[in-house]
Amino acid sequence: MKNTITKIKYAFAVILLVGAMGLMQSCVDDDINKLPETCFDGAMNGIETGVDCGGDCQPCATCDDGIQNGNETGVDCGGPDCDACPETCDDGIKNNGETEVDCGGPNCEPCAVAVDQAIVSYHNYMALGNPMFHTFESEDTSVGVIDGDPGNNVNVDQGAALPMMTFGVADPVDATRMVGRYNRPEGLISDGFSDYKFAISETGKYNFDNLNQFEVSVFTPSEVITGDVTAQVELIFLDRDNPAFWETWTILSGVLTKTGEWETIMFDGSSLVGKTDYDQIAIRIGGSNHQTGATFFVKDFAVVSQDVFMQALFNNDMGYNLDLTSDPGNNVDVDQGAALPMMSFGVAGPKEGIVSRYNRPEGLISDGFSDYKFGVNDAKYNFESGTNFVIEVFTPEGTIHGDVTPTVELIFLDKSNSAFWETWTILTGVLTKTGEWETIQFDGTPVVGTSIYDQIGIRLGGSNHQDAATFYVRSFNGFVSK
């Protein structure tokens, strides 16, 4: 009985609603029907103030009624009757200096960057002058080692679905980065001893007297370590000319301790000192004599030639021992009317890769002394002997003009000192190229032994400026050479 009453109430409500809607439409139709016929003849006549509008007709569209109507392309703007609409970063039109619709250019936020532009680590190793590395971002993002060893195809030759290494796959943690995927085959392919080999170096046999500390980063997916797959990474140094190479090889072993995240495995190659018969290096992950297939991800195999103690790749707003975003001084440009902050992170590089754009503002914003600041470190910096700094800069054609100078400055500051300029140290580099990347290195001797600095600023184009300019930056490192 209760359900029947509820259904009757519901049906009655629906009837009332439909009736009300019909009455409303009838009123609208009645209002339109009451208009004179001249309101529909396509001519301005009678007491109309526009064609078929105004006077006795419906109101005419105006450029100040707060409605997009008439021939307007925006609210009260555009079209043949109103003023042009302002160019904005959200108007759905490619204007305002944009490189794509509503993004890019000098006034809008960067456009999204495709993964295939994500060459990042290679440029950083090059800036550091590393003598031997492979990032696996592509087949040829390496120095001192060469891809193409025929042994890397043995998996496919023996029936495996994939080669030992697939280059340029999406990083499982950050899809805007590219890494390598290590494909450990199933079954007794290569008698269970398959690995990834670097081909012979162009310089012949390796000399490990000074190059004997190595690292590689590995991502181990969850549940990969199972069966005969072990939590092991091996670097194997081989004499390719020796048919019984296993009799003279040297194996350095590391242990994987994490899953679902990247970890860097360090290898002490002191045992290689004095050996001159090796011309090949192999990487084996998951152990040998295996039959169980497995997938790992790898990046950044390198000989360790510098102790990097701070780093900003500028492909995003993350840094190593640096806070790239929290300093309020980096917003002062926008607070004072500039279109963009001092630094736009993760933009498409002017030639390749993902980088950052340095937006030098126009006018006397910050009294013409604006710069980009790394946030305060957890403690004061302590710079030891041998400290150097490096950054890569791209200066577009025509940038150096007016009071824009070809200079790069690193400014070391004591943020707790209200008169910080009285104690700062400035290291200056000179830009000599336009239309291409160049590496600027700074000798850190002037800051060695100091213990008052907790902030670093980067200034491009000089100080006391009023002319705007755009630069691109990548690969900032503070390091001590080994």
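**Exercise 1.** Find the residue that forms a salt bridge with Asp403, and place both partners in the chain.

*Solution.* Asp403 forms a salt bridge with Arg360, and the closest N and O atoms are 3.5 Å apart. The pair links distant parts of the chain, 43 residues apart. Asp403 sits in the loop between strand 16 (387-394) and strand 17, while Arg360 sits in strand 14 (residues 354-360). A salt bridge here is a side-chain nitrogen of Lys or Arg within 4 Å of a carboxyl oxygen of Asp or Glu. Strands are DSSP runs (E, at least two residues), numbered from the N terminus.

The model is predicted: local features need pLDDT of at least 70, side-chain atom pairs count only at pLDDT 80 or more, and totals for chains, interfaces and linings use all residues. Residues are numbered from 1 along each chain as its sequence is written, and side-chain values use heavy atoms, without hydrogens and water.

**Exercise 2.** Decide whether Arg360 and Asp403 are buried, partly exposed or exposed.

*Solution.* Start with the cut-offs: buried is under 20% relative accessible area, exposed is over 50%, and partly exposed is in between (1.4 Å probe, protein chains only). Arg360 has 3%, so Arg360 is buried. Asp403 has 25%, so Asp403 is partly exposed.

**Exercise 3.** Treat Arg184 and Asp228 in the same way.

*Solution.* Their side chains meet in a salt bridge (3.5 Å, N to O). Arg184 lies in strand 4 (residues 178-184) and Asp228 in the loop between strand 6 (213-219) and strand 7 (232-238), so the pair ties together parts 44 residues apart in sequence. Arg184, at 4%, is buried. Asp228, at 27%, is partly exposed.

Note on methods
Helices (H or I, at least four residues) and strands (E, at least two) are DSSP runs, numbered from the N terminus.
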